[in-house]
Amino acid sequence: MRLEARITRHVKHLFAHVPDTLDNRELQEEIHSNLAARIDDYISQGMSEEKAFQTAIQHIAGMDEVMSDHRRVHRVPYWTALLQSALIYSLIAWIITIPMRVLIQGSAINNLLMIVSLIVGGTYVLYILTNRTNDPATSVKTTVIRIPALVLWNRRIWWLWAAFIFVLWGTQAALRFGSNIWFNRPIQVEGPYQFAVIVIAFAVPLLSVIIPLVVHRAYRIVSKYEVRDAL
């Protein structure tokens, strides 16, 4: 039997006597994802596929652990990875907006993103330097992540972001084209400069996607840095 099919069968067995609710279906998907990530990690460490599967399922042998609301992660690696992701996202946004510097509005946005990148980068470097130590006590420090809350906020932040974009785009459309639409006049764009201004006005709000991406990343890397029992 293929490994993916074995993982699916095992997870379905865990949830065999659990009510079929939306929350439980989402939790089932989460457990499936985490179990697959564990197995991939063990295989990359040199385990055979069978040994990796058997070792991974021991960590979620029953529903008591599966239904747990909390996960312990290694604090320093987890926050380092999250800050690194935030820095990468902000740098990408800054690079993307460099061509916008030909316009006053674009220059302001690019400068703002540069400042954000510097702040995030400074925080990232400071965190690494602060936690650079050979003290064993520091290396084993953990942070407790409440998975249901993180999953909830991961879903909510995307809906809030979509609503934010919808409102801003609607406002921009109303301010720029409202009178044309109201009086049934054609919308005219007078030259490439005005076209660029309009494009920037509608494109800039999309850069706020950095926030939901960071929250999503915080959820995705939990399994990677989760505290695991010694083999």
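## Fold and confidence

Ten helices and two strands make up the secondary structure of this protein, and the coordinates come from a predicted model. Starting at the N terminus, the elements follow the order α-α-α-α-β-α-α-α-β-α-α-α. The chain has 231 residues, and 36% of them are buried. If we take contacts between residues at least 6 apart in sequence, 78% of these join residues at least 24 apart.

How confident is the predictor? The mean pLDDT of the protein is 82, with 86% of the residues at 70 or more. Among the elements, helix α5 has the highest mean pLDDT, 93, while helix α4 (residues 63-66) has the lowest, 50. Please keep that value in mind when you look at α4.

## Two helices checked for length

Helix α5 covers residues 75-96, which is 22 residues. At 1.5 Å a residue it should span 32 Å, and its end C-alpha atoms are indeed 32 Å apart, so expectation and model agree. The buried residues of α5 are Val76, Tyr78, Thr80, Ala81, Leu82, Leu83, Ser85, Ala86, Leu87, Ser90 and Ala93.

Helix α9 (residues 191-203) has 13 residues, and the distance from its first C-alpha to its last is 19 Å, close to the expected 18 Å. Its buried residues are Val197, Ile198, Ile200, Ala201 and Phe202. Among the elements that cover them are α6 (104-130) and α8.

## Salt bridges

Side chains of opposite charge can pair when their charged atoms come close. The structure holds two salt bridges. In one of them, Arg6 and Glu50 meet through their side chains, with an N to O distance of 2.6 Å. This pair links distant parts of the chain: Arg6 belongs to helix α1 (residues 3-14) and Glu50 to helix α3 (residues 49-58), 44 residues apart. Arg6 has a relative accessible area of 17%, which is under the 20% cut-off, so Arg6 counts as buried. Glu50, at 38% relative accessibility, counts as partly exposed because this value falls between 20% and 50%.

Glu226 and Arg38 also form a salt bridge, and their closest N and O atoms are 3.1 Å apart. Here again distant parts of the chain are linked: Glu226 is in the segment after α10 (210-220), Arg38 is in helix α2 (residues 22-44), and 188 residues separate them. Both Glu226 and Arg38 are buried.

## Aromatic rings and charges over them

A search of the whole structure finds three aromatic pairs. One of them joins Tyr78 and Trp79: the ring centres are 5.5 Å apart and the planes are at 85°, over the 60 degrees that edge-to-face requires, so the pair is edge-to-face. Tyr78 is buried, at a relative accessible area of 2%, whereas Trp79 counts as partly exposed at 35%. Another pair is formed by Trp158 and Trp161, whose ring centres lie 5.9 Å apart with planes at 85°, so this pair is edge-to-face too. Trp158 and Trp161 are three residues apart in helix α8, which means about one helical turn separates them. Trp158 counts as partly exposed, with 30% relative accessibility.

Arginines also lie over ring faces in this model. Arg6, the partner of Glu50 in a salt bridge, lies over the face of Phe53 at 4.1 Å from the ring centre. Arg156 lies over the face of Trp153, and its distance from the ring centre is 5.7 Å.

## What helix α8 touches

Which residues does Trp161 contact, leaving aside its neighbours within four places in sequence? They are Pro205, Leu206, Ser208, Val209 and Pro212. Trp161 lies in helix α8, and its C-alpha atom is 7.3 Å from that of Pro212, a residue 51 places away along the chain.

Asn154 is found in the same helix, α8 (residues 147-182). Is Asn154 buried or exposed? Its relative accessible area is 11%, so Asn154 is buried. Not counting residues up to four places away in sequence, Asn154 touches Val215, His216 and Tyr219.

Conventions
Residues are numbered from 1 along each chain as its sequence is written. This is a predicted model: local features need pLDDT of at least 70, side-chain atom pairs count only at pLDDT 80 or more; totals for chains, interfaces and linings use all residues. Side-chain values use heavy atoms; hydrogens and water are left out. Helices (H or I, at least four residues) and strands (E, at least two) are DSSP runs, numbered from the N terminus. Buried means under 20% relative accessible area, exposed over 50%, partly exposed in between (1.4 Å probe, protein chains only). Contact means heavy atoms within 4.5 Å. Rings of Phe, Tyr and Trp (its six-membered ring) pair if their centres lie within 6.5 Å; planes under 30 degrees apart count as stacked, over 60 as edge-to-face and the rest as tilted. A charge sits over a ring if NZ of Lys or CZ of Arg is within 6 Å of the ring centre and within 35 degrees of the ring normal. The expected span of a helix is 1.5 Å times one less than its number of residues. pLDDT is the predictor's confidence in each residue, from 0 to 100. A salt bridge is a side-chain nitrogen of Lys or Arg within 4 Å of a carboxyl oxygen of Asp or Glu.
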